[in-house]
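Student: I have a structure open and would like a close look at one part of it. Could you take me through that part slowly, starting from a single residue and working outward?

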Amino acid sequence: MRAESDAENAAGGGATKANGTPVAPVVPATPGAPGAPAAPGTAAGAGPAARSRRFPSITRDTARPEGSGRAVPGAVSTPARQWPMLSVLTATAVGLLATAFGHPRVGCLAIGVALIAASVMRRVLPSVGMLAVRSRFTDMITYGLLGVAITLLALVMAAPKPWLPIPFMESAVRFTVR
C-alpha cells in the first residue's frame, strides 16, 4: 500500500495522508513560479497579486484577538507597551502579598478590583496588549464576572465579621455544611 501511494505521488497522482485520504496540493501564493515568464498583461517587476479579504478555506493558524496589538507604539520600551497587563498583574501581586501577610479580605478585594479594572480597560482602550486573550466581549465578561465574584466573596467573608452582611448567608452555610 505504501509503495502504491509513493508511486502515485511520483506519477503526480497527489499526496495522501497515512489513513489514505487525499491531501490537496499546496499552491504557491504568487501567481507564477520564480524564473517563470510573467503572465500576459502583467509587468515582469510587478508586485504580488491583490490578496483576497475572504477567509481561506483551510486555516493554518488562529486569529489574534482584536485589541491585541501593543498598547503604546513600538519606540517605547516593552514594559511601557504592556502597561494594561502589568497594572493588573501588579494589583494582583499586591493582593496576594496582603493575603500572605494575614489580610485575606484586603487581598481578595485587591484581586477582585484588579479583574474589574481589566474588564473596564478591555472595554475602553482600543489596544490593551497581552491583556487581550479572546474576543473583546468574551474578555470583558470573563474578567468582569470573576472580578465581581471575588469581590463579593471578600465582602461576605465570615472571618471575623463580614463587611457586607447577607441575611440568608448563615442559614445557607448551615444547610450545606450539615
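Student: In which helix does Asp139 lie? Please start there and tell me what surrounds it.

Tutor: Happy to. Please keep in mind that this is a predicted model. Asp139 lies in helix α5, a helix that runs over residues 136-156.

Let's begin with how well covered this residue is. Asp139 has a relative accessible area of 0%, and because buried means under 20%, Asp139 counts as buried. Leaving out residues up to four places away in sequence, Asp139 touches Arg122, Leu131, Ala132, Val133 and Arg134. Several of those names will come back as we go through the polar contacts.

Take the backbone first. A polar atom of the Asp139 side chain lies 2.9 Å from the backbone nitrogen of Val133.

Now the charged partners. Asp139 forms a salt bridge with Arg122, and the closest N and O atoms of the pair are 2.8 Å apart. This pair links distant parts of the chain, with Asp139 in helix α5 and Arg122 in helix α4, 17 residues apart. Arg122 is also at 0% relative accessibility, so Arg122 counts as buried too. A salt bridge also joins the side chains of Arg134 and Asp139, at 3.1 Å from N to O. Arg134 is partly exposed, with a relative accessible area of 32%. Through their shared partners, the salt bridges join Arg122, Arg134 and Asp139 into one network. The structure holds two salt bridges.

Next, follow Arg122 into its own helix. Helix α4 covers residues 104-124, which makes 21 residues. At 1.5 Å a residue, a helix of that length should span 30 Å, and the end C-alpha atoms of α4 are 30 Å apart, so the model agrees with the expectation. Arg122 is one of the buried residues of α4; among the others are Arg105, Leu109, Ile111, Gly112, Leu115, Ala118 and Met121. Look along that helix with the geometry in mind: an α-helix has 3.6 residues a turn, so residues three or four places apart point the same way. What covers the buried residues of α4 includes α3 (83-100) and α5 (136-156).

That brings us back to α5, further along from Asp139. Thr151 also has its place in helix α5. Thr151 is buried, with a relative accessible area of 15%. The side chain of Thr151 has a polar atom 2.7 Å from the backbone oxygen of Gly147. Setting aside neighbours within four places in sequence, Thr151 is in contact with Leu109, Gly112, Val113 and Ile116. Leu109 and Gly112 were on the list of buried residues of α4.

Right after Thr151 comes Leu152, which is also placed in helix α5. Leu152 counts as partly exposed, at 43% relative accessibility. Leu152 and Gly112 are 40 residues apart in sequence, yet their C-alpha atoms are 8.4 Å apart in space.

From Leu152 we can step out to the surface. Leu152 helps to make a nonpolar surface patch of about 480 Å², together with Ile116, Val120, Val124, Val148 and Leu164. Both α4 and α5 supply at least two residues of this patch, and α4 gives the most, with three residues. Val124, one of the patch residues, has its place in helix α4. Its relative accessible area is 61%, and Val124 is therefore exposed. Ile116 takes part in both pictures: it belongs to the patch and is in contact with Thr151.

Finally, let's set this part in the whole chain. The secondary structure comes to six helices and two strands, and along the sequence the pattern is α-β-β-α-α-α-α-α. Of the 178 residues, 19% count as buried, and Asp139, Arg122 and Thr151 are buried residues. Among contacts between residues at least 6 apart in sequence, 53% join residues at least 24 apart. The chain exposes about 13,500 Å², with carbon and sulfur atoms supplying 68% of that area.

If you want one route to retrace on screen, start at Asp139 in α5, cross to Arg122 in α4 by the salt bridge, and then come back to α5 at Thr151 through its contact with Gly112.

How values were computed: Residues are numbered from 1 along each chain as its sequence is written. This is a predicted model: local features need pLDDT of at least 70, side-chain atom pairs count only at pLDDT 80 or more; totals for chains, interfaces and linings use all residues. Side-chain values use heavy atoms; hydrogens and water are left out. Helices (H or I, at least four residues) and strands (E, at least two) are DSSP runs, numbered from the N terminus. The expected span of a helix is 1.5 Å times one less than its number of residues. Buried means under 20% relative accessible area, exposed over 50%, partly exposed in between (1.4 Å probe, protein chains only). Contact means heavy atoms within 4.5 Å. A polar contact is a pair of N or O atoms within 3.5 Å; within protein, one must be able to donate a hydrogen and the other to accept it, and residues adjacent in sequence count only if both atoms are side-chain atoms. Patches are made of residues with over 30% relative accessible area and no salt bridge: like charges are joined within 9 Å, nonpolar side chains (Val, Leu, Ile, Met, Phe, Trp, Tyr) within 5 Å. Accessible areas come from the Shrake-Rupley method with a 1.4 Å probe; for residues, only the protein chains shown count as cover. A salt bridge is a side-chain nitrogen of Lys or Arg within 4 Å of a carboxyl oxygen of Asp or Glu.
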